[in-house]
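Trainee: I'm new to this one, and I'd like a close look at a single part of it. Could you take me through the salt bridges, and then show me what lies around them?

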Amino acid sequence: MNDQFLHDFRRQPDQEFSKELFRRIEKMPQVTAVSPKQSMHTFHLWIRVAIFCLVLMTVLSFMPPIRARLQTTIQQIGQMTLEISDEYPTPDNPEIVPSLILPLDQARQAVSFQFGLPTELPDGLIFDEDAVRVLQISEGVQLSFIDPNDERRGMWLNASPADPDINYVVGPDSITETTVNDQPAVFIYGGWDSDTQTWRDYGLPPMLRWEADNVQYMLIVSQSFTAEDLLDVAESVSPITE
């Protein structure tokens with residue numbers, strides 16, 4: 001894969017990417033809950049994982065040096081390219097990707113691609129149309145589906161333009177192939193731990209990644225859901241219409 005053109009045109013990145021990124025994520029507003037302390041800790045951890053995955057899905061397109069440095073195994077699933085590696089995917093001088101929180105209609109206008117919405121959700125979840133997270137610089141959005149009566153229950157749908165030349169980096173023995181609407185998809189178990197810089201099995205439901213209508217999606221859920229729930233939601237994502 002020739003990444004030289006990406007290297008030639010990318011902007012010079014800021015310093016201290018991983019530390020700064022996780023400082024920002026740790027400062028996300030926390031919701032007071034009556035649930036057990038450990039359950040809420042796990043829930044907020046999974047929110048941070050969801051945001052980090054959104055950043056990782058898009059930011060790698062600006063970082064060709066990472067692919068040259070890592071010793072990885074490349075696996076192609078449909079149009080998706082996965083790199084399986086035991087090395088933490090953060091280059092020395094990456095670019096911080098800021099984000100905005102916008103209503104859905106403004107979020108659609110802020111990005112150059114059209115993304116679908118799920119028409120089926122588990123009981124109790126509602127779509128927060130006033131809080132769509134939009135990445136700047138590299139394009140991506142995150143939609144939140146939260147249960148107002150149980151703050152431990154949530155789903156997050158990340159979307160960004162599909163690009164087979166952008167690889168998503170996962171840890172060893174972390175993926176299982178599946179299908180969404182008869183198209184290739186993949187379950188991803190675990191996530192990168194920023195403290196130890198290793199792939200970690202959090203003991204939570206997998207993430208689901210697939211592509212449709214030239215958009216790549218990543219669905220992430222809290223502990224109260226199953227892999228089957230992910231498939232049901234993913235298969236209900238409506239076709240993109242004007």
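Mentor: Happy to. Let's start with Asp147 and Arg153, whose side chains come together in a salt bridge with 2.6 Å from N to O. Both of these residues, Asp147 and Arg153, are buried. Keep in mind as we go that this is a predicted model.

Stay in that stretch of the chain for a moment. Arg152 and Asp150 also join their side chains in a salt bridge, this time at 3.2 Å, N to O. Are these two buried or exposed? Arg152 has a relative accessibility of 33%, so it counts as partly exposed. Asp150 has a relative accessible area of 19%, and because buried means under 20%, it falls on the buried side of the cut-off.

Now look at Asn149, which sits in the loop between β6 and β7, the latter covering 154–161. Asn149 has 76% relative accessibility, so it counts as exposed. Its backbone has a neighbour from elsewhere in the sequence: the C-alpha atoms of Asn149 and Gly124 are 7.6 Å apart, although 25 residues separate them along the chain.

Step back into strand β6, which spans residues 140–146, and you'll find Ser144. Ser144 has a relative accessible area of 14%, so it is buried. What does Ser144 touch, once residues up to four places away in sequence are set aside? The list is Ile126, Phe127, Asp128, Ala131, Met155 and Trp156.

How many salt bridges are there in the whole structure? A full search gives three, and we still have one to visit. That one pairs Arg200 with Asp193, and their closest N and O atoms are 3.6 Å apart. Arg200 is partly exposed, at a relative accessible area of 38%, whereas Asp193 is buried, at 11%.

The elements around that pair are worth a look too. Between β11 (191–193) and β12 (198–200) there is a loop, and Gln197 lies in it. Gln197 has a phi near 55°, which is a positive value in a residue other than glycine. As for its surface, Gln197 has 41% relative accessibility, so it counts as partly exposed. You can find another positive phi at Asn214, near 65°, again in a residue other than glycine. Asn214 is placed in the loop between β13 (207–212) and β14 (215–221). With 69% relative accessibility, Asn214 counts as exposed.

While you're looking at those strands, turn to the rings. A pair of aromatic rings is described by the distance of the centres and the angle of the planes. A search of the whole structure finds six aromatic pairs. One of them is Trp192 with Trp199, which is edge-to-face, with 5.1 Å from centre to centre and 90° between the planes. Both tryptophans, Trp192 and Trp199, are buried. They aren't on their own, either: ring pairs link Tyr88, Trp192 and Trp199 into a cluster. Charge meets ring in another place, where Arg108 lies over the face of Phe115, at 4.3 Å from the ring centre.

Now zoom out, to see what these details belong to. The protein has six helices and 14 strands. Of its 242 residues, 52% are buried. Among contacts with a separation of 6 or more, 66% are between residues 24 or more positions apart. The protein exposes about 12,100 Å², and carbon and sulfur atoms supply 47% of that area.

Last, how far should you trust what you see? The mean pLDDT of the protein is 75, and 65% of its residues reach 70 or more. Two stretches call for care. Over residues 1–42, pLDDT stays under 50, and the model has 60 contacts beyond four places in sequence for that stretch. Residues 58–70 also stay under 50, and there the model has 47 such contacts. Where pLDDT is low, the predicted coordinates should not be read in detail.

To go back to where you came in: follow Asp147 to Arg153, then Arg152 to Asp150, and finish with Arg200 and Asp193.

Terms used:
Residues numbered from 1 in each chain as written. Predicted model: local features only at pLDDT ≥ 70, side-chain atom pairs only at ≥ 80, totals over all residues. Heavy atoms only, no water. Phe/Tyr/Trp six-rings, centres within 6.5 Å; stacked < 30°, edge-to-face > 60°. Buried < 20%, exposed > 50% of the residue type's maximum accessible area, 1.4 Å probe, protein only. Lys NZ or Arg CZ within 6 Å of the ring centre and 35° of its normal. Salt bridge = Lys/Arg side-chain N within 4 Å of Asp/Glu carboxyl O. pLDDT = per-residue confidence, 0-100. Contact = heavy atoms within 4.5 Å. Helix = DSSP H or I, 4+ residues; strand = E, 2+ residues; numbered from the N terminus. Areas by Shrake-Rupley, 256 points an atom, 1.4 Å probe, with all protein chains shown as cover.
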